[in-house]
Structures are given as structure tokens and as C-alpha cells.
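Visitor: I'm new to this one, so please start small. Take me in for a close look at one charged side chain and then show me around from there.

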Amino acid sequence: MWDIIITLLCIFISIYLWVTWNYDYWKKRGIPYIEPTFFFGNIKDLILMRKHLGEVYADFYWKYPDEPAVGVFKMLWPQLVLRDIDLIKAAFIKEFSSFHDNEFQADPGNDPLLAYSPFMTKGERWKALRTFHSHNQSSGKIKGMFPLMLEVCQDMSQFLKEKGGQPIETKEMCGQYTTDVVSSCIFGLKSNSFQDPDNEFRKKVLKLFERTWMFNIIFMLNSLFPIINKIFRISFLPKDVSKFFIKVVSDFCDYRIKNKVRRNDFLQQMLDENEKSDVPVYSHQDMASHSMTFFLDGYETSSTMMAYVLYLLSIHPEHQERIRDEINEEGVIDYENVHKFKYLEAVINETMRLYPVGLAITRVCTKDITLSAGDRKYPLTKGVIVAIPTFALHKDPAIYPDPEVFDPNRFYEKQPPPQFFPFGMGPRTCLGKLIISVKYSKYFYVQCC
Ligand code: HEM
């Protein structure tokens with residue numbers, strides 16, 4: 001009996017010591033921090049789903065309003081939440097070589113599609129993927145795809161006309177629009193989601209983004225203990241969905257090669273590269289994985305942002321009227337004059353301020369470094385995470401007066417304040433930033449207004 005009690009006691013003490021051994025990390029360095037609770041650290045409300053990520057980081061942000069940064073614990077691991085803009089610039093831009101990785105990663109064996117997303121890769125592999133996508137999303141290449149986007153806009157206009165005055169689930173509509181644009185511009189597939197919302201392709205896209213309890217657990221495990229996902233071969237994306245997309249792209253490649261069909265899309269760019277070389281540069285799986293980056297990183301982000309714009313315009317129709325006036329003044333929007341629609345741009349920026357898709361943005365410290373802000377020094381060791389609390393910064397009244405008010409004039413013909421991070425910050429900023437998201441979404445809004 002005593003043996004069992006002593007063994008259990010030893011196990012509990014070992015677990016306790018393992019969980020708490022690092023809880024003095026910030027104290028030892030003299031950095032203001034928030035006292036962690038056992039096991040949860042400072043993210044209990046997040047784990048128990050009592051608050052969303054943005055709210056949790058807002059709590060951290062307001063704990064020490066006069067400090068440039070605050071130390072917290074994401075369960076057992078120390079994390080520095082940056083408040084001061086110079087400190088943010090130092091970590092995310094100036095000292096990028098010490099903070100070049102994101103927290104998340106996908107194992108190519110378990111998640112062949114996800115492992116090619118720049119967002120999920122680290123080090124040299126990230127650099128190569130980033131260069132590949134930047135090259136393939138040059139302004140000229142996107143311009144070539146613009147007519148394909150317009151075709152989808154016409155389908156959507158038709159859909160809206162047919163709906164007449166009936167209520168529309170806007171998140172679903174934005175998802176249909178994004179599905180059709182991406183499938184047309186990337187794979188050359190007309191997925192026709194407006195006329196046939198239950199088609200197989202659309203169903204698989206929806207499955208790709210299903211947020212189940214299991215997904216949340218896997219996501220959390222991945223950021224906290226990536227080794228567990230690797231050992232137990234746990235994948236983020238359902239295996240049948242990955243297989244489906246790899247097969248779709250493979251079939252398209254075979255069809256185009258066999259029938260000598262060409263199209264002005266992303267897939268064609270890779271097929272052309274293969275043709276130039278004796279040994280194919282990209283396998284079918286590579287092509288499927290590269291193409292999926294547009295869905296994985298661009299689908300939920302763009303369609304959510306679009307849905308919020310429509311929501312805000314519906315409850316503030318005066319701004320919709322102003323966009324209409326601007327359209328009447330500037331005429332038809334096209335690729336060349338898209339930048340002239342300043343009020344529309346201000347509405348989009350104000351929406352992304354109020355509802356940023358990335359509620360907080362993080363980087364992992366990849367080599368020991370000391371950051372400083374005024375007299376404060378922040379000695380950080382490899383593995384510590386730094387975070388921009390985007391949601392909190394976007395609602396700080398010292399930066400954005402009356403932060404809860406929807407006021408596009410904050411951005412109308414003005415440069416945004418430096419604390420505006422809808423697309424992240426530094427060399428890892430969003431790849432779809434200007435060329436895709438804003439430009440095609442602008443056309444979309446014009447159709448709706
Ligand atoms: C309104 C739409 C979008 C928003 C608000 C958005 C937002 C973001 C944010 C906040 C990040 C993290 C940046 C950072 O860590 O500093 C990101 C990364 C990324 N986004 Fe977007 N995004 C949007 C659309 C797109 C689209 C359409 C694509 C398609 C190509 C895309 C591709 C990416 C990629 C590849 C990354 C990872 C970049 C890297 O780690 O190097 N995004 N996005």
C-alpha cells in the first residue's frame with residue numbers, strides 16, 4: 001500500500017516540478033509578468049473557451065499599460081507580449097534573423113498539403129516557399145488572372161439578381177465567391193458554387209475548414225507539443241480531403257498535357273516550368289500542395305473579412321451610400337484603377353481594424369537575443385515566443401479614439417497608424433496582402449454596393 005502511495009506522490013511531485021520549473025522565467029529577468037496558474041499558465045480562459053484569443057491577449061495588454069512589454073506563460077512556456085511599437089518593429093523586422101519562425105508546423109508525411117504552406121514552415125524551407133509564391137504572385141501574373149475573377153463576379157451578380165430581396169447568408173456567399181475565384185485562378189476549374197452549392201468541390205472546401213473540437217485539440221497540441229502530432233501521425237486535414245485535392249490537380253495536369261490545353265492560371269505556371277526542364281521541377285503532389293496554399297491561407301481569411309464588410313455596411317448604410325457615390329464618380333472598377341476607390345479602401349481597413357483575422361501574431365525566438373525599449377532590457381532565449389496583440393492594439397483608444405465606433409474616415413486618404421496589423425508584420429507578412437485579397441475583394445464589393 002505504502003509503495004503505491006509513495007510512487008503516486010513521486011509522480012505528482014515530478015509532474016508539478018516539470019510544469020512549474022520555468023514559471024520564474026520572467027521574474028529572474030526582472031520583466032513585469034502576470035502570475036501563472038498551475039498547468040494553464042495564463043491561458044486558462046482560452047483553453048476553457050471562455051474568451052477568444054484576441055480577448056485573452058487584450059487582458060495581457062492592459063495589465064501593465066505603461067510597460068513596453070509583458071511576460072506571460074502559454075501553459076508552461078514563456079511568451080513576451082509586445083506593446084511598444086519600436087519593440088514590435090525590432091522583433092518582427094530589424095531582428096528578424098532571430099525571430100524568423102512561426103509557432104506552427106506541419107509534417108509532410110501526415111499533412112502533405114499543409115506542409116507546403118509558407119505559414120506552416122520554418123527556416124530555409126520557408127524561405128524557398130516564400131520566394132516561390134512571391135514570384136508567382138507578381139502584379140503581372142495577377143493581372144493575367146483578373147478576367148477570371150471578373151467571370152466569377154458576373155456569376156455572383158446573377159445570383160444576387162435571382163435572389164431578389166430575399167435574405168442571404170453572407171458568410172456562405174463570400175465562401176462561394178472565394179471558392180470559385182480560387183478554383184478558377186489556381187486550378188482552372190469552374191466550380192460554379194452559386195448555381196450548384198452542393199457540388200463535390202465546394203463540399204470538400206467546406207470540410208477543409210470544418211472547426212471541430214478535435215481540430216481545436218490538434219491545433220493546440222501542435223503549437224504546444226509538435227512532437228505528439230509527429231509520433232502519433234495526427235494530421236490537421238482530413239485524409240480523404242487531402243487525397244481528393246491531390247487527385248483533382250493530378251487529373252487536370254494529365255488532361256492539359258494530353259490535350260495540349262493552356263490556361264492563364266497558377267497551375268499553368270508550374271506546368272510551364274516543368275516543360276522547360278528535362279526533369280520535372282514539380283510532381284503532381286507538389287503542384288496540388290502549392291495550389292492549396294491559396295485555399296488554406298486565403299479562403300477563410302478573405303471570406304471572413306468580406307462577410308464582416310457586408311455586415312458593417314448593412315448596419316451602417318450611410319457608408320454604403322458613400323461607396324455608391326464614389327463608384328458613380330470614378331466609373332467602372334478595373335485592375336488599373338482599383339486604387340482610386342479610396343473610400344471603399346477605408347471601409348475595408350476599418351473593418352479589418354475592428355475584426356482582424358489574425359487576432360494575435362507570434363514568432364518564435366530562434367537564437368538568444370536581448371531586445372530593449374528605453375531603460376528596459378528583454379533578454380530572450382531560444383524557443384521563447386514573442387507576440388503582437390493585434391486585436392488589443394486595434395482597440396487601444398490612445399491609438400484609435402472611440403475604438404468601438406465604425407468610422408472609415410480614420411483611414412480615408414490617410415496613412416494607417418503604425419499599430420495597424422491586419423496582414424501581420426515584417427518579412428512574413430501575408431503573401432496575399434495586396435495582389436489578391438484587396439484587389440479582388442474590391443471588385444466584389446462594387447458588385448454588391
Ligand atoms: C483579407 C484577407 C487576408 C487576411 C486578413 C490575411 C491575414 C494574414 C495574416 C494576419 C497573416 C500572418 C502574417 C504574419 O505572421 O506576420 C497571414 C499570412 C499569410 N497569408 Fe494571408 N490573409 C489574407 C488573405 C490571404 C490570401 C488570399 C492568401 C493567398 C495567397 C494569403 C496567403 C498567406 C500566406 C502564404 C501567409 C504566410 C506568410 C509567411 O509565413 O511567410 N493570405 N495572412
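**From one lysine inward**

Guide: Let's start with K28, which is exposed, with a relative accessible area of 60%. It counts that way because the bar for exposed is over 50%. Keep in mind as you look that this is a predicted model.

What does K28 do with its side chain? It meets the side chain of D24 in a salt bridge, at 3.9 Å from N to O. D24 has 32% relative accessibility, so we call it partly exposed. In general, side chains of opposite charge can pair when their charged atoms come close.

That pair has company, as the structure holds 22 salt bridges. Hop over to D155 and K190, whose side chains meet in a salt bridge of 2.8 Å, N to O. This one links distant parts of the chain: D155 is in helix α7, while K190 is in the loop between α8 and α9, 35 residues apart. K190 is exposed because its relative accessibility is 54%, whereas D155, at 22%, counts as partly exposed.

Next, find D272 and R262, which also form a salt bridge through their side chains, again with 2.8 Å from N to O. D272 belongs to helix α13 and R262 to the loop between α12 and α13, so the pair ties together parts that are 10 residues apart in sequence. R262 is exposed, with a relative accessible area of 56%, and D272 is partly exposed at 22% relative accessibility. If you'd rather see a group than a pair, D45, R50, K51 and D59 are linked in a network of salt bridges.

Charge isn't the whole story at the surface. A nonpolar patch sits there too, made of I4, L8, L9, I11, F12, I13, I15, Y16, L17, F38 and F39, and together they have about 1100 Å² of accessible area. One of them, I4, is in helix α1, which spans residues 2–20. With 54% relative accessibility, I4 counts as exposed.

Now let's head inside. In soluble globular proteins, nonpolar side chains tend to be buried together. Here the largest nonpolar core has 57 residues, and F201, L208, F245 and F295 are the ones with the most contacts inside it. Several helices supply at least two residues each, among them α7 (139–163), α8 (170–187) and α14 (284–315). Which helix gives the most to this core? That's α14, with 10 residues. Both domains join in as well: the core draws at least three residues from each of domain 1 (2–125 + 361–390) and domain 2 (137–298).

Zoom in on F201 to get a feel for the packing. Leaving aside residues up to four places away in sequence, F201 touches T179, S183, F187, L189, S191, F244, F245, V248 and F295. Apart from this core lies another one, of 46 residues, including W26, V72, L82 and L224.

For a last stop, go back to α14, where you'll find S289. Is S289 buried or exposed? At 0% relative accessibility, S289 counts as buried, since the limit for buried is under 20%. Not counting residues up to four places away in sequence, its contacts are P112, L113 and Y116. So you've gone from an exposed lysine, K28 at 60%, to a buried serine, S289 at 0%.

Terms used
Residues numbered from 1 in each chain as written. Predicted model: local features only at pLDDT ≥ 70, side-chain atom pairs only at ≥ 80, totals over all residues. Heavy atoms only, no water. Core = buried A, V, L, I, M, F, W, Y, C linked by side-chain atoms within 4.5 Å. Buried < 20%, exposed > 50% of the residue type's maximum accessible area, 1.4 Å probe, protein only. Helix = DSSP H or I, 4+ residues; strand = E, 2+ residues; numbered from the N terminus. Domains from an automatic or database assignment. Contact = heavy atoms within 4.5 Å. Patch = residues over 30% accessible without salt bridge, like charges linked within 9 Å, V, L, I, M, F, W, Y side chains within 5 Å. Areas by Shrake-Rupley, 256 points an atom, 1.4 Å probe, with all protein chains shown as cover. Salt bridge = Lys/Arg side-chain N within 4 Å of Asp/Glu carboxyl O.
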